[in-house]
Amino acid sequence: MKPIPSLLITLLAAAVPTTNAEFRRFEGPINAASNYIHYSEGYVVTPGYVDISNLVFSNADGGSDTPNKIFPSKGRDWNDDDEEGEEMAELVEEEEDDGIRRFLDGEDSAGDAAYASGSTYVDIVLFHEPPSCANTRLGCDWTELGVGANDGVGNLRWCCSDDAASLGLCRGGPKQEGRLIVDPDKFQGRHAFLGVPPSGEWSRKVKSGMFNLDDEGDELGSMSSMGTGKYVLVVTNCNDIIGRNLTVSGEYVWKSAHGYLPGNLFGEMYFFSFLTICYTILIAWYGIKMSCHGDEVIPIQKWVVGTIGIGLLEVFFKAGDLWVWNVDGERFWFSLYTGVIVGVMKRAISRCLVVMLCLGWGVTCDTLGDKMKKVVTLGVIYAGTSAARDVMTVLAITENEVLSTETETEILDVVTILTFVTAFIDVSFYLWIFDALNGTMQYLEDMNQSRKLKRFLRLRLILLLSVLFAIVWTVFGMVDSFNDQRMVNEEENGWVLSAVWEINYLVVLVGLSCLWAPEDGAKEYAYVMELSQLGNDLEFDTNIDGPDSEDEGVEMGSGGFSDNVDVDKGVKA
């Protein structure tokens with residue numbers, strides 16, 4: 001949960017990343033302030049629940065842990081004489097026989113006189129954001145859902161403070177002063193509150209803080225099912241005049257029908273499981289081909305199988321991370337960070353691999369010489385910056401609830417710088433790839449190497465289609481982000497936006513694997529030049545290393561052929 005200034009919440013809500021962990025940690029202060037609220041968002045597949053029973057609220061000086069006083073209401077009007085107030089009182093009386101005592105606002109009993117006068121309150125609300133507004137660019141206006149108030153000219157208030165009252169935003173009268181503004185005519189969620197005594201040591205655990213999101217929704221402690229979707233939990237300590245600064249510690253739980261994994265990520269777990277199967281089939285096929293043609297394997301094919309293997313490890317650890325998260329409710333740090341690091345290695349090695357292929361390694365030359373060092377150096381730099389960026393991004397998101405706002409901002413600033421550096425290296429790779437590809441194809445065309453040229457034409461087609469798809473999808477994403485109503489429901493299917501890039505990568509990798517698959521005569525094909533002028537099946541050995549190599553020691557006669565061709569050195573008829 002993060003404190004957000006009321007006047008800036010509209011601007012900051014989109015900029016502050018939210019965590020999706022379903023066992024969430026809340027450690028920090030809740031100071032008495034009317035211009036701050038603390039909120040947490042989650043996607044729940046119903047039937048499910050949100051449980052805040054393990055959160056401990058204490059005064060800033062500490063205190064003992066004793067049974068709680070929790071004041072529940074459901075869209076409660078602040079007029080104690082209304083019918084809904086009488087209904088809630090009846091519900092409280094029915095629960096007393098079970099040993100669970102819940103006190104209503106203004107109620108008093110022996111031993112609880114301290115709460116009757118001078119008390120302040122911590123308000124807790126849970127509500128659902130309808131898809132009609134949750135899937136928009138600006139998100140939901142919480143005042144339209146009954147939380148907070150807006151005078152229509154830009155004055156937004158969450159708490160019934162003096163200035164909110166002067167603006168006419170407090171409808172509940174004196175009893176609402178120093179409280180969260182909740183409009184009973186609009187609010188459709190759960191509303192509970194804790195009474196805080198004016199003095200003395202105080203500590204309360206929200207013992208009955210289980211909010212069931214089921215299809216019944218008529219029992220105390222549950223709310224009518226509003227369907228699968230995004231829910232928001234808000235905690236406020238609004239009275240900044242006589243209120244006390246508090247601290248909160250403990251875990252709270254968001255749980256969906258299928259488990260602890262956020263409801264909008266369940267499809268992603270299946271997606272990475274599917275990719276794991278695809279990579280397993282691909283590496284098995286390529287490994288069998290290498291085993292059957294072991295004597296014909298060339299170095300570039302080892303890079304290809306290594307790239308496939310790293311891709312398999314990445315999707316395996318990502319699927320495992322989501323599976324453990326769903327079962328245990330907490331992310332297994334080893335799977336999480338291993339998946340991130342392996343993913344960085346996959347992207348770095350795959351970029352180096354494509355550059356090597358475009359330079360003609362394994363087709364026009366058997367070594368890249370000094371170019372290999374340049375390729376590897378650029379790949380290492382890319383891996384380092386990309387790894388730092390991804391790890392810091394994960395840290396800022398997963399530890400969002402324990403990092404201070406200042407620390408989180410500093411981390412995200414560094415991430416922004418690393419993103420620009422990574423983008424610059426990416427552009428360098430892409431320019432190098434197409435420049436090398438054009439040079440190799442021109443060389444093969446000049447040397448009349450039609451069979452090898454055909455392979456590089458297919459490689460160029462694969463790369464161009466991949467780049468075209470990437471451009472189209474990027475433009476689509478940018479247009480979608482500026483639409484008032486998004487075409488892709490990011491709250492429900494936001495993982496699809498990144499999953500498409502994984503599919504694009506896999507298609508390119510499958511294409512490269514097929515073009516450079518192990519086969520009979522692979523070494524001869526790679527290191528022997530085709531002489532189409534003497535017949536389709538006539539080839540001779542060459543020491544030409546590539547487009548930039550010099551034809552040393554070969555005297556060419558008329559027609560472009562050597563006058564001293566040694567049959568023992570490579571002629572095949």
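Two residues are in contact when they have heavy atoms within 4.5 Å of each other. With that in hand, here's a first look at the chain: among its contacts with a separation of 6 or more, 79% are between residues 24 or more positions apart. What you're looking at is a predicted model, where local features need pLDDT of at least 70, side-chain atom pairs count only at pLDDT 80 or more, and totals for chains, interfaces and linings use all residues. Residues are numbered from 1 along each chain as its sequence is written, and side-chain values use heavy atoms, with hydrogens and water left out.

**The overall picture**

- The chain has 13 helices and 19 strands; these are DSSP runs (helices are H or I with at least four residues, strands are E with at least two), numbered from the N terminus.
- Of the 573 residues in the chain, 49% are buried; buried means under 20% relative accessible area, exposed means over 50%, and partly exposed is in between, using a 1.4 Å probe and protein chains only.
- About 27,400 Å² of the chain is exposed, with carbon and sulfur atoms supplying 57% of that; the areas come from the Shrake-Rupley method with a 1.4 Å probe, and for residues only the protein chains shown count as cover.

**The nonpolar cores**

- A nonpolar core is a set of buried Ala, Val, Leu, Ile, Met, Phe, Trp, Tyr and Cys residues joined through side-chain atoms within 4.5 Å.
- The largest one has 60 residues, and Tyr279, Leu459 and Trp516 have the most contacts inside it.
- Helices α5, α6 (299-328), α7 (333-358), α8 (370-398), α9 (405-446), α10 and α12 (495-515) each put in at least two residues of this core, and α5 gives the most, with nine.
- Apart from that core there's another, of 23 residues, including Val50, Ile52, Leu126 and Leu233.
- Leaving out residues up to four places away in sequence, Tyr279 touches Ile308, Gly311, Leu312, Val315, Lys346, Tyr505, Leu506 and Leu509.

**Thr276 in helix α5**

- Thr276 sits in helix α5, which spans residues 266-292, and counts as buried because its relative accessibility is 15%.
- Not counting neighbours within four places in sequence, Thr276 is in contact with Leu312, Val315, Phe316 and Ala319.
- A polar atom of the Thr276 side chain lies 3.5 Å from the backbone oxygen of Val315.

**Salt bridges**

- The whole structure has 12 salt bridges, each being a side-chain nitrogen of Lys or Arg within 4 Å of a carboxyl oxygen of Asp or Glu.
- Glu27 pairs with Arg25, with their closest N and O atoms 2.4 Å apart; Glu27 is partly exposed at 35% relative accessibility, and Arg25 is partly exposed at 37%.
- Lys318 and Glu314 meet in a salt bridge of 3.1 Å, N to O; they're four residues apart in helix α6, so about one helical turn separates them.
- Within that pair, Lys318 is partly exposed with a relative accessible area of 24%, whereas Glu314 is buried at 1%.
- Arg455 and Glu519 form a salt bridge of 3.8 Å, N to O; Arg455 is in helix α10 and Glu519 is in the loop between α12 and α13 (522-527), so the pair ties together parts 64 residues apart in sequence.
- Arg455 is buried, with a relative accessible area of 12%, while Glu519 is partly exposed at 36%.
- Glu314, Lys318, Lys346 and Glu502 are joined into one network by salt bridges that share partners.

**Two loop spots**

- Ser34 is in the loop between β3 (28-30) and β4, and is buried at 14% relative accessibility.
- The side chains of Ser34 and Asp240 make a polar contact of 2.7 Å; that term means a pair of N or O atoms within 3.5 Å, and within protein one must be able to donate a hydrogen and the other to accept it, with residues adjacent in sequence counting only if both atoms are side-chain atoms.
- Leaving aside residues up to four places away in sequence, Ser34 touches Cys159, Ser161, Cys238 and Asp240.
- Pro47 is in the loop between β4 (36-44) and β5 (48-51), and the peptide bond from Thr46 to Pro47 is cis, with omega near 0°.
- For background, most peptide bonds are trans.
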